[in-house]
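Good morning, colleagues. I would ask you to look at the model on the screen while I go through a selection of its local features, beginning with one residue and working outward.

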Amino acid sequence: TGEQLTVNDMLKGIAVASANDGCVAMAEHLAGSESAFVDMMNEKAKEIGATNTHFVNCHGLHDDDHYTTAYDLYLIIKEFSKHDLAYVIDSLDTYDFTYTDADGNEQVVTIEPTNEFLTGEVNFPDGYSIGSWKTGTTEEALNCLIMELKNDSTGEEYIALVAGADGKEALYSAMTELINKAK
């Protein structure tokens, strides 16, 4: 309460570091309430053909009535990827998140992406470039990653999705295997 930041910084915090509190604050700012924003999310999902998706909250934490499918995630990331800002945000390997605290003092926190290919914790397969992406982790869904990638030599674009991986090692191993099969 009382902190101030730009919409740009909030978007980067949400996309780069999965700032769930930022999702709620942004939803309230844009739609007046989280539930009103979730209604907008569900309408947009229907508009793009993601008819097997139902959002209950704006951040993706578990709720039994919050669901999607692999195909709908594909549609959602394709829609997200239409925006140039998606590539700016998703290419960041760190970001200096700046805000003003409740006492009026400027604070800077360096955030890192949740995508371990970008942090260098996991080697990304040669010959490809990362486009837009999103990770997700909950106890119920386990570790998930959807990525848009481009073959550097052919220009072919792919969407790769791994869901339900039991741990980060399994997630990145499966994603690397999918990328290598595209070669």
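I begin with T135, which is buried because its relative accessible area is 11%; buried means under 20% relative accessible area, exposed over 50%, and partly exposed in between, with a 1.4 Å probe and protein chains only. Before going further, I should state that this is a predicted model, in which local features need pLDDT of at least 70, side-chain atom pairs count only at pLDDT 80 or more, and totals for chains, interfaces and linings use all residues. Residues are numbered from 1 along each chain as its sequence is written, and side-chain values use heavy atoms, with hydrogens and water left out.

T135 has its place in strand β3. Helices (H or I, at least four residues) and strands (E, at least two) are DSSP runs, numbered from the N terminus. The side chains of T135 and T114 are joined by a polar contact of 2.4 Å. A polar contact is a pair of N or O atoms within 3.5 Å; within protein, one must be able to donate a hydrogen and the other to accept it, and residues adjacent in sequence count only if both atoms are side-chain atoms. Not counting residues up to four places away in sequence, T135 touches S18, T114, N115, C144, L145 and Y172, where contact means heavy atoms within 4.5 Å.

Two of those partners will return. The first to take up is S18, found in the loop between α1 and α2. S18 has a positive phi of about 55 degrees although it is not a glycine, and at 24% relative accessibility it counts as partly exposed. The helix before this loop, α1, spans residues 7-17 and has D9, M10, K12, G13, I14, A15 and V16 as its buried residues. Those buried residues pack against α2 (20-31), α5 (84-90), β1 (95-100), β2 (106-111) and β3 (128-138).

How do α2 and α3 pack? Their angle is about 85 degrees and their axes are 8 Å apart, with α3 covering residues 34-47. Axes are lines fitted to C-alpha atoms, for helices over the stretch in contact, and angles run from 0 to 180 degrees between N-to-C directions. The two helices α2 and α3 are therefore roughly perpendicular to each other; angles under 35 degrees count as roughly parallel, over 145 as roughly antiparallel, 65 to 115 as roughly perpendicular and the rest as oblique. On the α2 side the residues are V24, A27, E28, L30 and A31, and they meet E34, A36, F37 and M40 in α3.

I turn now to the sheet. Three strands form an open sheet in the order β3-β4-β5, with antiparallel pairing; two strands pair if DSSP finds at least two bridges between them. β3 and β5 stand at the edges, each with a single partner strand, so one side of each is left without a neighbour in the sheet. The twist averages 10 degrees from one strand to the next. β3 is joined to β4 by 9 bridges, and Y128 stands opposite N151 in β4. Helix α7 packs on the sheet, touching β3, β4 and β5, and its direction makes about 150 degrees with that of β5.

Between β4 (residues 142-151) and β5 (residues 157-165) there are 7 bridges, and K150 has E157 in β5 as its bridge partner. The hairpin of these strands has 5 residues between them, and there G155 takes a positive phi near 80 degrees. In β4 itself we find L142, a residue other than glycine whose phi is also positive, near 65 degrees. L142 counts as partly exposed at 29% relative accessibility. I146 lies in β4 too, and is buried, with a relative accessible area of 8%. Leaving aside neighbours within four places in sequence, the contacts of I146 include L73, Y74, I77, W133 and L161.

Finally, the other returning partner is Y172. The structure holds 5 aromatic pairs; rings of Phe, Tyr and Trp (its six-membered ring) pair if their centres lie within 6.5 Å, and planes under 30 degrees apart count as stacked, over 60 as edge-to-face and the rest as tilted. The rings of F117 and Y172 have centres 5.0 Å apart and planes at 85 degrees, so this pair is edge-to-face. F117 lies in helix α6 (residues 116-119) and Y172 in α7 (residues 168-182), so the pair ties together parts that are 55 residues apart in sequence. Both F117 and Y172 are buried, and together with F124 they form one aromatic cluster.
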